[in-house]
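Colleague: I have a few labels to check with you. Please show me the model, and then give me the cut-off behind each label.

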Amino acid sequence: MTAVPLDILQARGADAFDPGFGVYVHWPFCAAKCPYCDFNSHVRHQPVDQPRYVEAFLAEMAAMRRLSGPRSVTSIFLGGGTPSLMHPATVDAILSGIARHWHVPDGIEITMEANPSSVEAERFRGYRAAGVNRVSLGVQALNDRDLKFLGRLHDVADALKAIRLAREIFPRMSFDLIYARPGQTVADWDRELKEAVSYAVDHLSLYQLTIEEGTPFYGLHKAGKLAVPDGEQSAILYEATQEFTAREGMPAYEVSNHARPGAESRHNLTYWRYGDYAGIGPGAHGRLTVGRARVATATERRPEAWLDRVASEGHGMVVQDVLEREEQADELLLMGLRLREGVDLARWQALSGRDLDPAREDFLIEHGFVERLGNSRLRCTPAGMLILDAVVADLAC
């Protein structure tokens, strides 16, 4: 591993705030690539050598442990890709490896992403036996027409079967839906949300369809062959989402995430509260406190190249950058303003070494985009969430 120079580490002040320490493991394989997806996911038409990947995951964990030092883990997240394509024995080996390298207290949140098309009761029970206690299902739509449009391999019957199994086997469960789909009206979306809530979930991730460069949808959209709701209609759907979930006791605690009190994703809160997390596997990112510095890590994205790099260097990291305090302040603002609880201004000031520009803050408050929570926190209003990137850019200047 290319070590961050100790003189650089010691020259930077330590962050006194600790929102937790998460471990993220990226399984990069999918059965098919969805046309809207720009995540680091890959389709392989031959069986993946899972024991070889386990060996590489464990080697990279050891490298991350040397970088992070001893830590107590507050959450674990198995993401992808499609982690539910892993054998239960693979998941067990990964979780056991994490427990060997860091302290893993009993009962912490251990989440696994799963696609309904890859769900089997026996496999779910195997994941639960390995220690997974929360599952996040990529349902995405509750009608077969839109599931086909989104390129999903499951139908509604598969989705409902997966939801029932998840509720039976795991203590906690969430699922994702995508809205602002072509032709979708507020009435359509309202009916779908009512159905979603009827499944007695305590957490929903509700994402607006975005056209990402490099995806098949991007090419179709650019060629005029894919029409999605315009900005005004998307804003109406977003506002309808906030109103409906608030009435149902599942208000937004983050831009796209809704939960009953106490059911928030603890792992994702670590990201948004700008805590430390180790990112392991192809294309995984991390943020680690090393000595008195904060280090950004990223690994090789291509799975086979990542394997080769781990074999030759003991890890797959291609980025290991020490972040300046101003960079940390910008990241804290970008992540924290996504949350309904907002940003701890004392922490931001400690990192940035300055106060917010009063004129900029007053302008945003006057126009109803941000608000103060006492003297200690700043958050976006619902109107501000609609233009979050612009708000962050204005405050960070």
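Colleague: What makes the approach of the threonine 299 side chain to the backbone nitrogen of glycine 283 a polar contact?

Modeller: The distance is 2.9 Å. A polar contact is a pair of N or O atoms within 3.5 Å; within protein, one must be able to donate a hydrogen and the other to accept it, and residues adjacent in sequence count only if both atoms are side-chain atoms. So 2.9 Å falls within the 3.5 Å limit. The threonine 299 side chain also reaches the backbone oxygen of glycine 281, at 2.5 Å. This is a predicted model: local features need pLDDT of at least 70, side-chain atom pairs count only at pLDDT 80 or more, and totals for chains, interfaces and linings use all residues. Side-chain values use heavy atoms, without hydrogens or water, and residues are numbered from 1 along each chain as its sequence is written.

Colleague: Why is threonine 299 called buried?

Modeller: Its relative accessibility is 4%. Buried means under 20% relative accessible area, exposed over 50%, partly exposed in between (1.4 Å probe, protein chains only). Therefore threonine 299 counts as buried.

Colleague: What is threonine 299 in contact with, leaving aside neighbours within four places in sequence?

Modeller: Its contacts (heavy atoms within 4.5 Å) include Glu60, Trp306 and Met317.

Colleague: How do you know that β15 and β17 pair?

Modeller: Two bridges join them, and they run antiparallel. Strands (DSSP runs of E, at least two residues) pair if DSSP finds at least two bridges between them. So β15 and β17 meet the requirement. Aspartate 344 stands opposite arginine 377 in β17.

Key
Helices (H or I, at least four residues) and strands (E, at least two) are DSSP runs, numbered from the N terminus.
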